[in-house]
Amino acid sequence: MGFFKKIGNALRKTREAIARKIDSLLSHGEINDDFYDELTDILISCDIGARLSIEIVENLRERARKGKIRSADEVKEELKTLLKEDFASVEPIDIKYPAVITIVGVNGVGKTTTIGKLSQYFKNNKKDVTLVAGDTFRAAASNQLNEWANRTKTRIIKHAEGADAAAVVFDGITSAKAKGTDVLLVDTAGRLHTKTNLMEELKKIDKVITREYPDANRYTFIVLDATTGQNALNQINAFNDFVEIDGIVLTKLDGTAKGGVIIAIQKEYHLPVAFVGVGEGVDDLEEFNYNEFVDNLF
């Protein structure tokens, strides 16, 4: 199944929440203040956010004043154009190899599952992958990652629960360099309730990677749960205090009507969405394509 069909299926709930309302508005609404107010409410309802929804609609108003929108039928296409222009302004992720990809995110967002799916994605693209079980804080985290390693037939480096995460990463790098690994996927703890410990742990991991693997291409991805909507933005804020985030992996897109949060993420933070989870299967993680996302949204 291609990305267009997968993203279409994943966005079904979001599309039902937004497209039908917009189509109804366009079918009987003339372009006036009430029309724009109702359109703003529709955008807010899919978790684009109030401020951003107002900004998008004001841009539509401005284009209407300049004569680029002459009828209600043109609003949808102009809205899609606006959104695509915003996405196009964000530099996409271009992963180069060898790559060390550090995965951060709060507990419960599907981080371990995402790492397993990323492993399968890279293996499908003929890359050699090693997993590093760097979340040594959460009980059974390394066991869960080990299950994914077995499922995807991927090498894994792990220590006992409670071990020093930076030491696990050190061993992972040693193994990756010895075996010529293309992608090292590093799991990390997500315990935001002890921010000082988390910050120090991430700093130690970063220091080890910098010292031991200077030739690697470094990336940090934050995993976000689409079903949390605007709360996902708060998680980006929290981790921005600790690490420089390079991209987003959005999970559970198929289980929510809040898919509009992707628009808010790229607009608020100018961060690219690198991958999206579009189902439960091991292969249901796809590179994000903003053109097909916008087309499917409406």
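Here are some exercises on the pockets and salt bridges of this structure, each with a worked solution.

The model is predicted, so to speak a computed one: local features need pLDDT of at least 70, side-chain atom pairs count only at pLDDT 80 or more, and totals for chains, interfaces and linings use all residues. Residues are numbered from 1 along each chain as its sequence is written, and side-chain values use heavy atoms, with hydrogens and water left out.

**Exercise 1. Find the volume of the largest pocket and describe its lining.**

Step 1: Get the term straight. On a 1 Å grid over the protein atoms alone, a pocket is an open set of points where a 1.4 Å probe fits, with protein on both sides within 12 Å along at least five of seven lines; lining residues have an atom within 4 Å of a point. Points are joined across faces, edges and corners, and the volume is the space filled by probe spheres set on them.

Step 2: Read off the volume, which is about 340 Å³ for the largest pocket.

Step 3: Look at the residues. The lining has 19 of them, and P92, I93, V273, A274 and F288 lie nearest the centre.

Step 4: Match them to elements (DSSP runs numbered from the N terminus: helices are H or I with at least four residues, strands are E with at least two). Both α6 (111-124) and β7 (273-277) supply at least two lining residues, and β7 gives the most, with three.

Step 5: Sort by class. Ala, Val, Leu, Ile, Met, Phe, Trp, Tyr, Cys and Pro count as nonpolar, Asp, Glu, Lys and Arg as charged, and the others, Gly among them, as polar. That gives 15 nonpolar, two polar and two charged residues in this lining.

**Exercise 2. Do the job again for the second largest pocket.**

Step 1: Its volume is about 250 Å³. Of its 13 lining residues, D206, R218, T220, V243 and E244 are the closest to the centre.

Step 2: Helix α9 (195-212) and strand β5 (217-225) each bring at least two residues to this lining. The largest share, five residues, comes from α9.

Step 3: The classes here are six nonpolar, two polar and five charged.

**Exercise 3. Count the salt bridges, then follow two that link distant parts of the chain.**

Step 1: Apply the rule (a side-chain nitrogen of Lys or Arg within 4 Å of a carboxyl oxygen of Asp or Glu). The count comes to 23 salt bridges.

Step 2: Take R61 and D37, whose side chains meet at 3.9 Å, N to O. R61 sits in helix α4 (residues 50-65) and D37 in helix α3 (residues 33-45), 24 residues apart.

Step 3: Check accessibility (buried is under 20% relative accessible area, exposed over 50%, partly exposed in between, with a 1.4 Å probe and protein chains only). R61 is buried at 15%, while D37 is partly exposed at 43%.

Step 4: Now K80 and D295, with their closest N and O atoms 3.6 Å apart. This pair joins helix α5 (residues 72-88) to helix α12 (residues 290-297), across 215 residues. K80 is buried at 12%, and D295 is partly exposed at 29%.

**Exercise 4. Work out how far apart K203 and E200 are along their helix.**

Step 1: Their side chains form a salt bridge at 4.0 Å, N to O.

Step 2: K203 and E200 are three residues apart in helix α9, so about one helical turn separates them.

Step 3: Both ends are partly exposed, K203 at 46% and E200 at 38%.
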